[in-house]
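Dear colleague,

Please find below the sequence and the structure that I am handing over to you. I should be grateful if you would look through them before reading the notes underneath.

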Amino acid sequence: MADPTPAPAPGPSPDPARESAPRDGRNLKRSFGVLVLLGVLLVIAGLVGLLYTGFATLTSMLLFGWLLLVGGAVGLVHAVQSRHEGYFWLAVVVAALNIAAGFVVIRHPGESAEALTMFAALLFLTGGVFRLVGSVVVRGPQFGWTLLQGAFGLLLGLLVLFDWPRSSLYVLGTFFSLALLFDGLGLVAIGVGGRRIVGLMSTKLSEDNPRRSLN
């Protein structure tokens, strides 16, 4: 005699994407946490650099020298690998100049900082003059903002130039530290925002799948 009890209806098959969602959320949170940690380290380095601008200047110059040296070595290897191309000698000359400049900056970071500070002051001066003249001649919709930028660049260039070479002890270090500080704050903001978004998405997925939330 057949069993009159009806067979239970099969439950819904588990969704692999929904099953792996919590694990992916944890991985994303961990990745954003690494970004936050890196951002905090950059912020700390930037604050320390602002307190010790002379040390930050020498550090930035040594880092710049090593970047030139490594970039020149990589460029030289690439030039040798593509020696049958028409730009072989140009690539070799550029790589050799980068290597030579890297050695000079590493061996003489103080003198290199003075030269780069002078170059930065001239850039501020020329950029400020061009903005001032352009804003007066064109008188566009951003006239006031462009005029203010030009005046600020001109004033900054004059201040750096009048205090040169003593300004080379703190100008580059200040810029380098500010770059680290703002980059670190940006990474912290991205990491915190990303973790918050992942948390909201995980909560939404848990609400849509009550069986997983009960387990």
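The notes below describe the model as a whole and then some of its residues.

This is a predicted model, in which local features need pLDDT of at least 70 and side-chain atom pairs count only at pLDDT 80 or more, while totals for chains, interfaces and linings use all residues. Residues are numbered from 1 along each chain as its sequence is written, and side-chain values use heavy atoms, with hydrogens and water left out.

Confidence is given as pLDDT, the predictor's confidence in each residue, from 0 to 100. The protein chain has an average pLDDT of 78, and 80% of its residues score at least 70. Helix 2 (residues 53-81) has the highest confidence, at 87, whereas helix 7 (residues 210-214) has the lowest, at a mean of 47. Over residues 211-215 the pLDDT stays under 50, and there the model has five contacts beyond four places in sequence. Contact here means heavy atoms within 4.5 Å.

Seven helices and zero strands are found in the protein chain. Helices (H or I, at least four residues) and strands (E, at least two) are DSSP runs, numbered from the N terminus. Along the sequence, the pattern is therefore written α-α-α-α-α-α-α. Of the contacts in the protein chain with a separation of 6 or more, 80% are between residues 24 or more positions apart.

The accessible surface of the protein chain is about 14800 Å², and carbon and sulfur atoms account for 73% of that area. Accessible areas come from the Shrake-Rupley method with a 1.4 Å probe, and for residues only the protein chains shown count as cover. Among the 215 residues of the protein chain, 25% count as buried. Buried means under 20% relative accessible area, exposed means over 50%, and partly exposed lies in between (1.4 Å probe, protein chains only).

On the surface, Leu37, Val40, Leu41, Ile44, Val48, Leu51, Tyr52 and Phe55 make a nonpolar patch of about 840 Å². Patches are made of residues with over 30% relative accessible area and no salt bridge, like charges being joined within 9 Å and nonpolar side chains (Val, Leu, Ile, Met, Phe, Trp, Tyr) within 5 Å. A salt bridge is a side-chain nitrogen of Lys or Arg within 4 Å of a carboxyl oxygen of Asp or Glu. Helix 1 (residues 16-51) gives the most to this patch, with six residues; Leu41 has its place in helix 1.

In the interior, the largest nonpolar core has five residues, namely Met61, Leu68, Val105, Ala113 and Leu172. Such a core is a set of buried Ala, Val, Leu, Ile, Met, Phe, Trp, Tyr and Cys residues joined through side-chain atoms within 4.5 Å. Apart from neighbours within four places in sequence, Leu68 is in contact with Asn98, Ile99, Ala101, Gly102 and Val105.

Gly71 has its place in helix 2 and is partly exposed, with a relative accessible area of 36%. Gly71 and Ile99 are 28 residues apart along the chain, and their C-alpha atoms are separated by 7.7 Å.

Three residues of helix 4 (residues 109-138) may also be of interest to you. Pro109 is buried, at a relative accessible area of 19%. Not counting residues up to four places away in sequence, Pro109 touches Leu58, Met61 and Leu62; from Met61, Pro109 is 48 residues away in sequence and 5.7 Å away in space, C-alpha to C-alpha.

Glu114 is partly exposed, with a relative accessible area of 28%, whereas Thr117 is buried, at 0%. With residues up to four places away in sequence not counted, Glu114 touches Trp164, Pro165 and Ser168. On the same basis, Thr117 touches Val160, Trp164, Ser167, Ser168, Val171 and Leu172.

Yours faithfully
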